[in-house]
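Here's a quick tour of one model, with a few spots worth pulling up in your viewer.

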Amino acid sequence: MSDNDALFQPLQVGAIEFPHRIVMAPLTRARSTDRVPNEMMAEYYRQRAGAALIVTEATAISAEGYGWHGAPAMYTDEQAAGWARVVAGVHEAGGRIVLQLWHMGRVSHPDYQAGGAAAVGPSAIAATGEAHTPTGKKPYVVPRQLTIGDVKRIVGDYATATRRAREAGFDGVEIHGANGYLIDQFLRDGSNQRRDEYGGSVENRSRFLREVIEAVTAAWSADRTGLRVSPTMNGQGMSDSDPIGLYSYVGEMLNQYGLAYLHVAESIRPGRLFNADAPRVTPSIRAAYRGVLIANGGYDKQTAAAAIRDGAADAIAFGQPFIANPDLPTRLRSDAPLNEPNVATYYSEGAAGYTDYPLMP
Ligand code: 8OZ
């Protein structure tokens, strides 16, 4: 099978039909206007409608879950109206788009919390690193340990944001269970040392994720719900004593829910999303999980096609290449040269390095 034959086959992903296998990964770009998606964001996403699926940048489900200056949210009518304009543009251009549901947990900051309260987390263990506040970077604080009542309230916030996404016209939602945010903080034992039913065993640490999945799929539908995890992302102080055991359990547990897809961020190259000192976990997840698997992290055309041919994944998500190449699938198909992304404008303001990357000549 040629690389193009592997990458340009359609795929049924829950209720969503992919015309090919090249997905746009979620990418924080920090261009919203007071958390509301604006016209420039609509243009950016519309330009990328040729993706098999666009996963939006991480989007806060609540004020409590917010904590990255410039990121968008989905808990007010105004935010939902902004997203509805984004979705309409992508659909007009023939694309598909899901909203990534985000609660940052302990890596938010008191500057974002009502009354300057601490950020929240499964346990009172601070992340390592710095929050991006409106007035610059500030060290992460020790979070307030969530009560069981808080946990139930947050599960409800996921459901509410899901209903808003549905009303805004999205094709589905992706639960952000990766990269050291709240769900990931519950999953991994470096950040979860609870003694109640949400901590301790792998089963208990997965309980919050299960409750979120149940709430989100009840609020809309399993075949329009995806989940993203990052088993070996060890930034922000994240760690686990047994990643293969944990994520094999999660993969197996997911089989009962019939989700549209599982999205695994774990680079095939050592780096931020893959700690080279430990084995990759994606193959164990593939073995445990029977649904559609989208792999993400460090792929190019050849390695993406090989992963699909070998059965390692069903589709491949590209992040940074989609920043610089709005028409990435077209370029890959014709082996055209790619624009190089400019890291300096990833999180800057304005159109430069955002909506001004050229299409293929
Ligand atoms: C980069 C900058 C800010 C947030 C993630 C949501 O890593 C993010 C993120 C990435 O999932």
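What follows covers a ligand site, a histidine and a helix.

This is a predicted model, in which local features need pLDDT of at least 70, side-chain atom pairs count only at pLDDT 80 or more, and totals for chains, interfaces and linings use all residues. Residues are numbered from 1 along each chain as its sequence is written, and side-chain values use heavy atoms, with hydrogens and water left out.

Let's start with the ligand. Nine residues surround it, the closest being Thr28, Trp68, His176, Asn179 and Tyr347; a residue qualifies if one of its heavy atoms lies within 4 Å. The protein covers 85% of the 300 Å² of accessible area that the ligand has on its own (Shrake-Rupley method, 1.4 Å probe).

Now for histidine 20, in the loop between strand 2 (16-18) and strand 3 (22-24); strands are DSSP E runs of at least two residues, and helices H or I runs of at least four, numbered from the N terminus. Histidine 20 counts as buried because its relative accessibility is 8%, buried meaning under 20% with a 1.4 Å probe and protein chains only.

Here are the polar contacts of these side chains (pairs of N or O atoms within 3.5 Å; within protein, one must be able to donate a hydrogen and the other to accept it, and residues adjacent in sequence count only if both atoms are side-chain atoms):

| Side chain | Partner | Distance |
|---|---|---|
| His176 | ligand oxygen | 2.7 Å |
| Asn179 | ligand oxygen | 2.7 Å |
| His20 | backbone nitrogen of Ile22 | 3.1 Å |
| His20 | backbone oxygen of Gly50 | 2.9 Å |

Last stop, helix 7: 10 of its 13 residues are buried, including Phe208, Leu209 and Arg210.

Note on methods. Buried < 20%, exposed > 50% of the residue type's maximum accessible area, 1.4 Å probe, protein only.
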